[in-house]
Amino acid sequence: MLVWVLLTWTRTLEQLTVGAAVSLLIAILMAPLGDVVAPWSLLRPRRLAALLGLSATALAKIVVANVSLAARVWRPSRPLRSGMVIVPTDQRSAAGLTIVGLVSSLIVDNQLVDVDRAGGRLQYHAVDVPDRDPARARAAVNGAIEHFLPPDPARERHASKDAT
């Protein structure tokens with residue numbers, strides 16, 4: 001419904017009625033595709049805290065990266081070490097990898113290029129390549145974002161089997 005209002009940019013009774021009808025029709029057509037997480041589940045305290053933490057962290061990293069990039073543009077004497085960096089990830093699910101990839105790519109320092117789901121690695125193009133040590137590179141690129149995501153259930157099952 002919100003998308004309809006934003007697309008039409010009109011709030012007349014007719015537009016809202018058509019928007020509600022289209023929203024209902026889409027919901028009915030999508031229902032057989034499977035279970036989805038209810039939007040109000042974001043209001044659970046743990047999820048809300050994680051969402052707020054992720055948002056604040058991403059926003060802070062975006063501001064710092066933009067100021068750093070602006071300083072590089074205005075002071076070209078600053079060294080520029082652009083290149084590719086491969087960092088480990090704990091995420092294996094499509095949802096987890098999507099969140100990490102999208103949020104980390106909003107930060108102008110690093111843009112996601114490739115995902116090695118089985119190997120647990122993400123490849124980024126970096127404006128300023130971080131330390132080559134995988135643990136430090138992960139901390140600089142995607143670690144702060146993954147901190148707020150739940151652990152991957154498949155990885156936990158695999159780890160618990162290894163422990164027994």
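In this predicted model, Val115 stands opposite Leu122, a residue of strand β3. The two strands concerned are β2 and β3, the latter covering residues 121-126, and they run antiparallel with six bridges joining them.

This pairing belongs to a wider arrangement, an open sheet of three strands in the order β1-β3-β2, in which the pairing is antiparallel. The edges of the sheet are formed by β1, at residues 83-88, and β2, at residues 110-116, each of which pairs on one side only. On average, and with direction ignored, neighbouring strands of this sheet are turned by 25° against each other. As a general matter, the strands of a sheet pair through backbone hydrogen bonds, in either a parallel or an antiparallel manner.

Two helices can be followed from the sheet. Helix α4, which spans residues 94-106, packs on the sheet and touches β2 and β3, and its direction makes about 160° with that of β2. Helix α5, made up of residues 134-146, lies across β1, β2 and β3, and runs at about 75° to β1.

Turning to another part of the chain, one comes to helix α3, which extends over residues 45-74 and contains Leu48. Together with Leu42, Leu51 and Leu52, Leu48 forms a nonpolar patch on the surface, and the accessible area of these four residues together is about 330 Å². Is Leu48 itself buried, partly exposed or exposed? Leu48 counts as partly exposed because its relative accessible area is 31%, a value that falls between the limit of under 20% for buried residues and that of over 50% for exposed ones.

Methods
Residues numbered from 1 in each chain as written. Predicted model: local features only at pLDDT ≥ 70, side-chain atom pairs only at ≥ 80, totals over all residues. Heavy atoms only, no water. Pairing = 2+ DSSP bridges. Helix = DSSP H or I, 4+ residues; strand = E, 2+ residues; numbered from the N terminus. Axes fitted to C-alpha atoms, helices over the stretch in contact; angles between N-to-C directions. Contact = heavy atoms within 4.5 Å. Patch = residues over 30% accessible without salt bridge, like charges linked within 9 Å, V, L, I, M, F, W, Y side chains within 5 Å. Areas by Shrake-Rupley, 256 points an atom, 1.4 Å probe, with all protein chains shown as cover. Salt bridge = Lys/Arg side-chain N within 4 Å of Asp/Glu carboxyl O. Buried < 20%, exposed > 50% of the residue type's maximum accessible area, 1.4 Å probe, protein only.
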